[in-house]
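Grab a pencil and work through these short exercises on the model shown below. Each one has a task and then a worked solution.

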Amino acid sequence: MSGTCKTFGFVLTCYILIPTVACQLFTPVVFGMGAAGAASIVWRVYKYYYECCSSKWIAFNSTGLNVDLKQRLFGQHVASRVVLNAMKGFMNNNNNKKPLVLSLHGLTGTGKNFVSQLIAENIYKKGMDSSFIHQFVATVHFPHKSKINTYKSQLQRWIKGNVTNCPQSMFIFDEMDKMHPGLIDTIKPYVDYYKEIDGVSFNQAIFIFLSNAGGEMITEVVLDFRRSGKDRADITLKDLEKALSLSIFNNKESGFWHTSLIDKNLVDFFIPFLPLEYQHVVQCGMAEMATKGLKPNHTLADLVAKDMIYFPKSEKIFSSKGCKSISSKLDFYRDHA
Ligand SMILES: Nc1ncnc2c1ncn2[C@@H]1O[C@H](COP(=O)(O)OP(=O)(O)OP(=O)(O)O)[C@@H](O)[C@H]1O
Ligand SMILES: [Mg+2]
């Protein structure tokens, strides 16, 4: 993935600078000279391979996001609604006072990365391959506690450099619950209500935090709903807010939330992801078949869904891995059918 932060330092500086310089130089040169021919061919080839920070490459498609959330995301009616409203509110406002900060919470395989992907695909022409999307995974990019100070300054430079390059940058922080609190505090100034920091405005950027924190509490709420005979579809954000805040704000174990991000209310939306059930896993199986270009086969999707482990032990309602590893299970059952 080209937007993924793989390393720091010189390589990254070049990575940021080359497309920007090229985007800035080519436009005036080509059009300023009015040159057709070779220059325009070079420009076209350049544009084909590289993307620029312009409305040609970055434009929010709210209808597209709505359709994707409705048709491609299963079992997440609460998250769907919040994500769409948050994105519409932010992207349709030219005068945001701070960047958008979304925090996605839920058990494994419930669609947190998938939703980030849907958001990306409906903003950036290149989707997750956009060079304006930057992903960090706590255990991969910041594994050593002893290097925290180095990570801090690298992260600051990385965020600032990328937003200078393109104000509509998107930063995805995965495994937020495993990230050092000091590192999270480093992000704070960039997501706060500042007009500019050192001449750079961050108010068009999007920050997405992903974590499993709160997943168990969310599950408790869904279980209570079921046990009292109520319909999952009737669960609202309000029903889940208390569970989320208990597990995020009051959990002394979860050190990373003891940061100024929370104290200062800098997270705009906490978005709960519900645990997935058998029928959602079947839907994931059918969707995966379509992605692989296979003919829809409900029997095969059933086989795959039956192969997942469900909890709690007594009732076996929720898939313990959500929709994760559906793709490989599908390959296995197809080959052994
Ligand atoms: N609710 C869902 N609707 C449709 N597909 C889903 C859903 N949840 C998961 N998937 C499928 O499963 C894959 C894995 O899910 P994803 O990576 O989004 O999980 P996650 O919530 O980020 O899990 P983790 O906490 O382990 O990182 C996705 O790429 C997608 O294909
Ligand atoms: Mg994930």
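**Exercise 1: the core**

Task: find which members of the largest nonpolar core touch the most other members.

Solution: Start with the 82 residues of that core; L104, I119, M170, F173, F207, I208 and V281 touch the most other members. A nonpolar core here is a set of buried Ala, Val, Leu, Ile, Met, Phe, Trp, Tyr and Cys residues joined through C-beta atoms within 7 Å. Buried means 20 or more other C-beta atoms within 10 Å of a residue's own, with C-beta atoms placed from the backbone. Next, look at helix 4 (residues 77-91), which gives the most to this core, six residues; helices are DSSP runs of H or I, at least four residues, numbered from the N terminus. Finally, place the core: it lies between domain 1 (62-272) and domain 2 (278-335), because both give residues to it. Those bounds come from an automatic or database domain assignment.

A word on the setup: this is a predicted model, where local features need pLDDT of at least 70, side-chain atom pairs count only at pLDDT 80 or more, and totals for chains, interfaces and linings use all residues. Residues are numbered from 1 along each chain as its sequence is written, while chains are lettered from A and ligands numbered from 1 in the order written.

**Exercise 2: the ligand**

Task: where does ligand 1 lie relative to the two domains?

Solution: First, list the shell: 19 residues surround ligand 1, and the closest are T108, G111, K112, F114 and C323; the cut-off is a backbone-placed C-beta atom within 6 Å. Then check helix 5 (residues 112-121), which supplies the largest share, three residues. Both domains give residues to the shell, so ligand 1 lies between them.

Note on methods:
Helices (H or I, at least four residues) and strands (E, at least two) are DSSP runs, numbered from the N terminus. A residue is buried if 20 or more other C-beta atoms lie within 10 Å of its own, exposed if 12 or fewer, and partly exposed in between; C-beta atoms are placed from the backbone.
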